[in-house]
Amino acid sequence: MADNSFSDGVPSDSVEAAKNATDTEKLTDQVMQNPRVLAALQERLDSVPHTPSSYIETLPKAVKRRINALKQLQVRCAHIEAKFYEEVHDLERKYAALYQPLFDKRREFITGDVEPTDAESEWHSENEEEEKLAGDVKNKVVITEKEAATAEEPNPKGIPEFWFTIFRNVDMLSELVQEYDEPILKHLQDIKVKFSDPGQPMSFVLEFHFEPNDYFTNSVLTKTYKMKSEPDKADPFSFEGPEIVDCDGCTIDWKKGKNVTVKTIKKKQKHKGRGTVRTITKQVPNESFFNFFSPLKASGDGESLDEDSEFTLASDFEIGHFFRERIVPRAVLYFTGEAVEDDDNFEEGEEGEEEELEGDEEGEDEDDMEINPKV
């Protein structure tokens, strides 16, 4: 019997497939020439949100291939940027050593161990002319009255409650301070920042130096912030520079009955069998700034923290960064309130920009409504 599956050496299946393809192309051409069909397709396309990702999906494979090559270049840029920040950290360490003699002298003036000279105390303020006029008026006062006023004017040692005043002036810090923390913070004499040694993992340490007091025996309380300056393998494009990834506190050696991070409560317990009632006392955590030295640990075993813990940890990192970048380098300006005013003005400026942008967006919506009544 003759085999009919081939015709002129070409399989019949191939011939049938070619015929179907030709018929499909003809049908497609006919459909695409129909104005109603074209209008429906255009309306469907117009309704699809034109996001960057949806646009990328429409590009030819050859273009997508080149985009992937650009992404590889971007990852290499991120690694170079990480190296840049490592060298910045080395520069910070170098210049921290240059700042330190000035910060040491600052501490001496604050504590009163050293009295500044007249030359060191000279400062020309913005209100210098007004102060000069006020000085001229004072010079007209009777000498005896001036001497009496001078004799009565107090002359405390150093600058009392310098760092405690900074805590009160800065909202981010004052929110952490409880009333029972205040007498302890009045013994704070200095805050220092120390950077990790060369060759060590990137980190910095905050040192809080206290004078002898009735609350704990430590002279220095420390908080170490560990940092990472490398792109995440899973998401390299999210890299924006070094970030704090974890922190360690220290043990505070509280004197008996002086630990403000815990409080003692009394609780009544009833015996199930005998029905007798007894009162027990137990210690529970207490809100205090000094919990700052007993931070939450970032999860390192792959388990995620709950939302409250993540917020607490993020706030802790923000405070540590603020101490390092703002409080310690510009302490006197936070004491006088000048830096606080600058920060407030900056925030107000940002809010004003946001309001202006929101107004622009609302205007665009109104324009859209006029152009497209269906919206």
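Phe167 belongs to helix H8 of this predicted model. With a relative accessible area of 1%, Phe167 counts as buried, because that class takes in residues under 20%. Setting aside neighbours within four places in sequence, the contacts of Phe167 are Leu173, Ser174, Val177, Leu185, Leu188, Ile191, Phe208, Phe289 and Phe323. Phe335 may be added to the picture by distance: Phe167 and Phe335 are 168 residues apart in sequence, yet their C-alpha atoms are 8.7 Å apart in space.

The surroundings of Phe167 can be extended to the whole of its helix. Helix H8 spans residues 162-169 and is mostly covered, with 6 of its 8 residues buried. Besides Phe167, the buried residues of H8 are Phe162, Trp163, Phe164, Thr165 and Ile166.

Trp163 leads to a charged residue in another helix. Arg106 is found in helix H4, and Trp163 is one of its contacts beyond four places in sequence. The others are Asp190, Ile191, Val328, Pro329 and Ala331. Ile191 thus appears in the contacts of Arg106 and also in those of Phe167. Arg106 is buried and yet has no salt bridge. The nearest side chain of opposite charge is that of Asp190, 4.4 Å away. A salt bridge requires the side-chain nitrogen and the carboxyl oxygen to be within 4 Å, so this pair is not counted as one.

Just before helix H8 in the chain comes Glu161, in the loop between H7 and H8. Glu161 has a positive phi of about 55° although it is not a glycine. Most residues other than glycine have a negative phi. Glu161 is partly exposed, at 33% relative accessible area. Its side chain takes part in a salt bridge with Lys186, the closest N and O atoms being 3.8 Å apart. Lys186 lies in the loop between helix H10 (182-185) and strand S3 (188-195), whereas Glu161 lies in the loop between helix H7 (143-152) and H8, so the pair ties together parts that are 25 residues apart in sequence. Lys186 is likewise partly exposed, at 38% relative accessibility.

A further salt bridge brings the account back to helix H4. The side chains of Glu120 and Lys105 meet with an N to O distance of 3.3 Å. Glu120 lies in helix H5 and Lys105 in helix H4, so this pair ties together parts that are 15 residues apart in sequence. Both partners are partly exposed: Glu120 has a relative accessibility of 40%, and Lys105 has a relative accessible area of 37%.

Between these two helices, H4 (61-111) and H5 (118-121), runs the loop that holds Glu115. Glu115 is exposed, with a relative accessible area of 65%. Its C-alpha atom is 9.2 Å from that of Lys157, although the two residues are 42 positions apart in sequence.

Another salt bridge joins Lys64 and Glu57, at 3.9 Å from N to O. The two partners fall into separate accessibility classes: Lys64 is partly exposed, at 26% relative accessible area, while Glu57 is exposed, at 58%. The count for the model comes to 13 salt bridges. Some of these share partners, and in this way Lys226, Asp246, Asp248 and Lys297 are joined into one network.

On the surface, Asp306, Glu307, Asp308 and Glu310 gather in a patch of negative charge. Asp308 is found in helix H11, which covers residues 307-327. With a relative accessible area of 61%, Asp308 is exposed, because the exposed class begins over 50%. Phe323, one of the contacts of buried Phe167, also falls within the residue range of H11.

The chain as a whole gives the setting for these details. It has 13 helices and 8 strands, and 23% of its 375 residues count as buried. Among contacts with a separation of 6 or more, 59% are made by residues 24 or more positions apart. The accessible surface of the chain comes to about 28200 Å², and carbon and sulfur atoms account for 52% of that area.

Technical notes: Residues are numbered from 1 along each chain as its sequence is written. This is a predicted model: local features need pLDDT of at least 70, side-chain atom pairs count only at pLDDT 80 or more; totals for chains, interfaces and linings use all residues. Side-chain values use heavy atoms; hydrogens and water are left out. Patches are made of residues with over 30% relative accessible area and no salt bridge: like charges are joined within 9 Å, nonpolar side chains (Val, Leu, Ile, Met, Phe, Trp, Tyr) within 5 Å. Accessible areas come from the Shrake-Rupley method with a 1.4 Å probe; for residues, only the protein chains shown count as cover. Lys and Arg count as positive and Asp and Glu as negative; His and the chain ends are not counted. The place of a charge is taken as NZ of Lys, CZ of Arg, CG of Asp or CD of Glu. Helices (H or I, at least four residues) and strands (E, at least two) are DSSP runs, numbered from the N terminus. Buried means under 20% relative accessible area, exposed over 50%, partly exposed in between (1.4 Å probe, protein chains only). Contact means heavy atoms within 4.5 Å.
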